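Q: Please pick one part of this model and take me through it closely, bench-style. A warm-up on backbone oddities is welcome before you get there.

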Amino acid sequence: MPFARLASATTPTCHIGLGLAAVGRPGYINLGRDHDLGEDRSVGTLRTRTHELLDAAYAQGVRYFDVARSYGRSEEFLADWLNARPDIDDIVVGSKWGYTYTAGWSADAEEHEVKDHSLATYERQRAETDELLGDRLDLYQIHSVTPDSPALTDKELHSRLAQAAAEGMTIGFSTSGPAQADTVRAALAVTVDGEPLFRTVQSTYNALETSAGPALAEAHDAGLTVIVKEGMANGRLAEPHAPDALKAVAAETSLGCDAVALALILRLPWAGIVLSGAATTNQLASNLHAAVVDLDEDQLERLAALVEEPAAYWERRGQLPWH
């Protein structure tokens, strides 16, 4: 497992990763993008911003970096950064396949990505990822698996993924939607020649959406590395949008709402990596303070009251506009 590289890391931020969904393309559903990115979202500008974020993250102890075929040019930006730093050998790189980016570098496209979990898509996108990241890729994940995904039942796909695993690639999956727990449990049951196929799971978990928690604990107990995404609920847990209870706890800690929101996840024993989706280096620095936040029982109880019903959470998320 490439995540063994992180086991020897001693920095408090080694369990925080950097995801490039917010800066690999001009449009995304995170709140506050107009403020964070401004009007200039050219390829060159976002490439530079991505490299600045990667430099800052690495300098501050972050060792996991997460991209996807559908995150615009995120793989390309990361590959450029890695190629310029061949001596960096203590990081873990994960990407995802299963969505095709279709926005053509526009934030106003009618359709930003198309989902397809077929074997043909895997083969095409694996070749595209390999061309950019080559042997720097450690983890390849099926993007946003749901209970009805053919990726859970396609034996030919499973065989091909197991072949990649035998050649040294770690195979994982990510989840989305109100039935994440069902997806995780279904994926844990997928085997090839009697061996579990998946070694990592990446799921949405945050102060508002905790429904996947028990299943993620089961995945951890089964030996999978758990990666948590959308810990900031696409900006709903950041200033100025954060709920009053979160703002109050943040004020008590003298740190940002973002640091508290991420710290709430970091304290969970099954959370192997918690992703920051920072779009600026200041956001990243604030996110990384999560590693030193200490929450007491009263604060945890107040934050626990923020949890929403999964269906309501995902309905609201589905209504967030692409900015």
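**Warm-up, then the second largest pocket**

A: Asp193 counts as exposed, with a relative accessibility of 77%. Keep in mind that this is a predicted model. Asp193 sits in the loop between strand S8 (191–192) and strand S9 (195–196), and its phi is positive, near 55°, although the residue is not a glycine. That's worth a second look, since most residues other than glycine have a negative phi. Ser144 is another non-glycine with a positive phi, about 55°. Ser144, though, is part of strand S6 and is buried, because its relative accessible area is 8% and the cut-off for buried is under 20%.

One more backbone quirk: the peptide bond between Glu239 and Pro240 is cis, with omega at about 0°. Pro240 belongs to the loop between strand S11 (225–229) and helix H9 (244–253).

Now for the part I'd zoom in on, the second largest pocket. The space in it comes to about 160 Å³. Which residues line the second largest pocket? They are Arg69, Gly72, Arg73, Glu75, Glu76, Tyr99, Thr100, Tyr101, Arg124, Gln125, Glu128 and Leu132. Two or more lining residues come from each of H4, strand S4 (99–101) and H5. H5 gives the largest share of this lining, with 4 residues. Sort the lining by class and you get 6 charged residues, 3 polar and 3 nonpolar.

What do those charged side chains do? Start with Glu128, which makes a salt bridge to Arg69, at 3.2 Å from N to O. Glu128 is in helix H5 (residues 119–133) while Arg69 is in the loop between S2 and H4, so this pair ties together parts 59 residues apart in sequence. Are the two partners buried or exposed? Glu128 is partly exposed, at 25% relative accessibility. Arg69 has a relative accessible area of 18%, so it falls under the 20% cut-off and counts as buried.

Next comes Glu76, another residue of the lining. Its salt-bridge partner is Arg47, and the closest N and O atoms of the pair are 3.0 Å apart. Here too the contact links distant parts of the chain: Arg47 is in helix H3 (residues 43–59), Glu76 is in helix H4 (residues 74–83), and 29 residues separate them. Glu76 is partly exposed at 21% relative accessibility, and Arg47 is partly exposed at 22%.

That pair belongs to a wider arrangement. Arg47, Arg73, Glu76 and Asp80 are joined into one network by salt bridges that share partners. Arg73 and Glu76 are also on the list of lining residues, so two members of the network have an atom within 4 Å of a point of the pocket. Arg73 has an aromatic contact as well: its charged end sits over the ring of Trp105, at 5.9 Å from the centre.

If you step away from the pocket, you meet a similar kind of pairing. Asp90 and Arg63 form a salt bridge, with the closest N and O atoms at 3.1 Å. Asp90 lies in the loop between H4 and strand S3 (92–97), and Arg63 in the loop between H3 and strand S2 (64–66), so the pair ties together parts 27 residues apart in sequence. Asp90 is partly exposed at 27% relative accessible area, whereas Arg63 is buried at 14%. Arg63 also lies over the face of Tyr58, at 3.7 Å from the ring centre. Tyr58, in turn, forms one aromatic cluster with Phe65 and Trp81.

For scale, the count for the structure is 18 salt bridges, and a search of the whole structure turns up 8 aromatic pairs. The largest pocket holds about 1,000 Å³ of space. Its lining runs to 49 residues, and those nearest its centre are Tyr28, Asn30, Glu230, Asn234 and Gly235. By class, that lining has 20 polar, 18 nonpolar and 11 charged residues.

So here's the picture to hold on to: the second largest pocket has a lining with 6 charged residues, one of its lining pairs is the salt bridge of Glu128 with Arg69, and a salt-bridge network takes in Arg73 and Glu76 together with Arg47 and Asp80.

Technical notes
Residues numbered from 1 in each chain as written. Predicted model: local features only at pLDDT ≥ 70, side-chain atom pairs only at ≥ 80, totals over all residues. Heavy atoms only, no water. Salt bridge = Lys/Arg side-chain N within 4 Å of Asp/Glu carboxyl O. Buried < 20%, exposed > 50% of the residue type's maximum accessible area, 1.4 Å probe, protein only. Phe/Tyr/Trp six-rings, centres within 6.5 Å; stacked < 30°, edge-to-face > 60°. Lys NZ or Arg CZ within 6 Å of the ring centre and 35° of its normal. 1 Å grid on protein atoms, 1.4 Å probe; cavity = no way out; pocket = protein on both sides within 12 Å on 5 of 7 lines; lining within 4 Å. Points joined across faces, edges and corners; volume = space filled by probe spheres on them. Nonpolar A, V, L, I, M, F, W, Y, C, P; charged D, E, K, R; others polar.
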